[in-house]
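Work through these exercises with the structure in view. Try each task before you read its solution.

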Amino acid sequence: MPFSTACNTVLSNFEAGSNYKDVSDPAIIITFPVIEGPLEGVNLIAWTTTPWTLPSNLAAAVNPKMDYVHFIDLETEKTYVCMKDRLAYVIKQVNTPKINKHKVLKTFKGAELVGTKYTPLFPYFEEMRKSNCFSVIAGSFVTKDAGTGIVHCAPGFGVDDYDVCL
């Protein structure tokens, strides 16, 4: 087991492996189809820097005070939701000319998304739906300076996720 002689304690694999250097972590965007409510059939565009936690997804967080957009891809006619301030990022990340032809259908506050039910990527915890899992929750940690404005939450893997899911 890795051991710090300076701290006189064991080190986690993360501490030993990264040596506290700045490293690039993968970030991905995924979609969660909405299954209930006024946005049924729309896809929530979520973001995560921890894609290995996606099988444990239990919620998606939005900032209730920020503006969000419901937009349509004019080529495929699929509709999506992301934070208004992150729309340009989303379009760039998708990296396809098709979605560049889009139209904003509606702008609204994130608070309107809270409670929206969606389909998770993996069905491993489907029984947790009875406990109000797989719904949009409010998270003040969601900001306009990174991601899509919708954050995948796996409460077993991070303090922010755990706190907001409580």
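## Exercise 1: A strand inside

Task: Find out how far strand S4 is enclosed by the rest of the structure.

Solution. This is a predicted model. Count the buried residues of S4: six of six. Buried means under 20% relative accessible area. S4 is therefore largely enclosed by the rest of the structure.

Next, sort the side chains by direction. Asn 43, Ile 45 and Trp 47 point one way from S4. Leu 44, Ala 46 and Thr 48 point the other way. In a regular strand, side chains alternate between the two faces of the sheet.

## Exercise 2: Partners of the strand

Task: In which sense does S4 pair with S3, and in which sense with S7?

Solution. Start with S3. S3 and S4 pair in the antiparallel sense, over six bridges. Here Ile 30 stands opposite Ala 46 of S4.

Now take S7. Its pairing with S4 is parallel and covers two bridges. Leu 44 stands opposite Val 81 of S7.

## Exercise 3: Two cores

Task: Which elements give two or more residues to the largest nonpolar core?

Solution. First find the core. The largest one has 28 residues. Leu 44 and Val 81 are among those with the most contacts inside it, as are Leu 39, Tyr 68, Leu 113 and Ile 150.

Then list the elements. They are strands S3 (28-33), S4 (43-48), S5 (59-62), S7 (79-83), S9 (135-138) and S10 (150-153). S5 gives the largest share, four residues.

Last, look beyond this core. Another core, of eight residues, lies apart from it. Its members include Ile 45, Val 69, Tyr 80 and Ile 91.

Definitions and conventions
Residues numbered from 1 in each chain as written. Predicted model: local features only at pLDDT ≥ 70, side-chain atom pairs only at ≥ 80, totals over all residues. Heavy atoms only, no water. Core = buried A, V, L, I, M, F, W, Y, C linked by side-chain atoms within 4.5 Å. Buried < 20%, exposed > 50% of the residue type's maximum accessible area, 1.4 Å probe, protein only. Pairing = 2+ DSSP bridges.
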